[in-house]
Every structure is written in structure tokens, then in C-alpha cells.
Amino acid sequence: MYGYGIFAGLAIASFIWLSGCGASKPLPVSVTEDLTMKKAKEIHERIVTLDTHVDFTPANFTDQRNYTQRLDTQLNLPKMFEGGLDAVFFSIFVSQTREAQNPDAFMPAGYERAYKAAIEKFDAVHRLVERFAPDKIALASTAADVKRIHAAGKKIALIGVENGYPLSEDIGRVKEFCATDGNGMDYRRSDDRLSSR
Ligand SMILES: [Zn+2]
């Protein structure tokens, strides 16, 4: 949405500029579009482009199948390089909607399963940056990391914890997840009765 906003904003800005510059004849639409695209591409190249929410499955983070390959996933490294996307927040999302169907949901065993699912996702991101493509992407924990990695010409991986279910009832896990490179956490309410407490 952010990218679309830039494009839409530029389209409006260039329209105003072109229509307000006193030219007696407006430029053809194709020329206007070319100028807009040129300007948009310049901005795109200058800034650190960031996708703040990328869901994934650890099944795509194995030795045989991973994001160094052009998978049919929305995101992977070949597509990031091709599209000029610099940084992504990998989402550590564990839902309890499906979990609620299990008899031990919201009990220690259910919480433990959710916690393990979250850790599996943390590990998957680590495999990507440490084993599969350390020459192409690195993990950032701070804004300074993002700048440093970007300057080195690599893609940037960040980790965001989406939904608090894997925390179970142990608030200490917030600290633990932060120490495991989680840079952000949101509290989701979908149709989950215990979500976001
Ligand atoms: Zn998500």
C-alpha cells in the first residue's frame, strides 16, 4: 500500500505541476506517465523500501526449498532483487483460531505447541540469513543495522511477532522474543477469543 501511495501521490503531483506550469497545450498522457514513472523509480531507488508484514511457512526454509529460489511465494530473494525491495519484516504469526479446536487449547500443552511454532519461525529466518544466503541478506535488530546492511548492498531481514498467543501466559516471553531478534510485536484480534490479552 505504501508503494501505491507514492505512485498515486506522484501522479497527482505531476498532474498539478504540468497543468499549472502555464503550458498552453497539456503534455500527452503517455509523456506524463513516463515522467511520473521516472520520478517514482528515482525515489524507489533512493529510499529503503520496506514491507512491514510478510507471512511465511517454515516449510519454505529448508535446504531443498528456500527463498534463495524463485518459489511461487509472493516474496523470495530473486523477487526482492528484481523488484527493488530492500527490507522485510518476517512475521512470527501463530494463530489460535485453528488451535481452539484442540481439547488442550489455552492449556499448558496447547501453549507449548504455539510457543514451539513461534520458535520454529524464528529459526527459519535465522536459517535464511545464516545458512542459505548470508551473502545476500542479513538480520537487523536496530535502525542502525538496517542502514549498515543496506549500505553493504544486502537485503534486510527484520522479525515482527504478530499475535501474542505463543507468549502463553508468561509475560517474560516478551523479553525472550526481543532477545531472539524480534523487533516488533502487535496484538491481533481476529475471531480469537483469547487473542491479544
Ligand atoms: Zn500475518
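V54 sits across from F90 in strand 2. That pairing belongs to a parallel match-up, with 3 bridges joining strand 1 (residues 50-54) to strand 2. Between the two strands the chain passes through helix 3, and this β-α-β crossover is right-handed. Keep in mind that this is a predicted model.

**The nonpolar core**
- F90 turns up again here: it is among the residues with the most contacts inside the largest nonpolar core, along with V88, V125, L128, A157, L158 and I159.
- That core has 30 residues.
- At least two core residues come from each of helix 3 (77-83), strand 2 (87-93), helix 4 (108-132) and strand 4 (155-162).
- Helix 4 chips in the largest share, with 7 residues.
- As general background, nonpolar side chains in soluble globular proteins tend to be buried together.

**Helix 2**
- Helix 2 covers residues 29-46, so to speak a run of 18 residues.
- From first C-alpha to last, helix 2 reaches 26 Å, close to the 26 Å expected at 1.5 Å a residue.
- There's hardly any cover on helix 2: of its 18 residues, the count of buried ones is 1.

**Around T73**
- You'll find T73 in the loop between strand 1 and helix 3.
- T73 has 15 other C-beta atoms within 10 Å, and because buried takes 20 or more and exposed 12 or fewer, T73 counts as partly exposed.
- T73 and N60 lie 13 residues apart in sequence, and their C-alpha atoms are 8.9 Å apart in space.

Technical notes
Residues numbered from 1 in each chain as written. Predicted model: local features only at pLDDT ≥ 70, side-chain atom pairs only at ≥ 80, totals over all residues. Core = buried A, V, L, I, M, F, W, Y, C linked by C-beta atoms within 7 Å. Helix = DSSP H or I, 4+ residues; strand = E, 2+ residues; numbered from the N terminus. Expected span 1.5 Å × (residues − 1). Pairing = 2+ DSSP bridges. Right-handed = clockwise from strand over helix to strand, strands pointing away.
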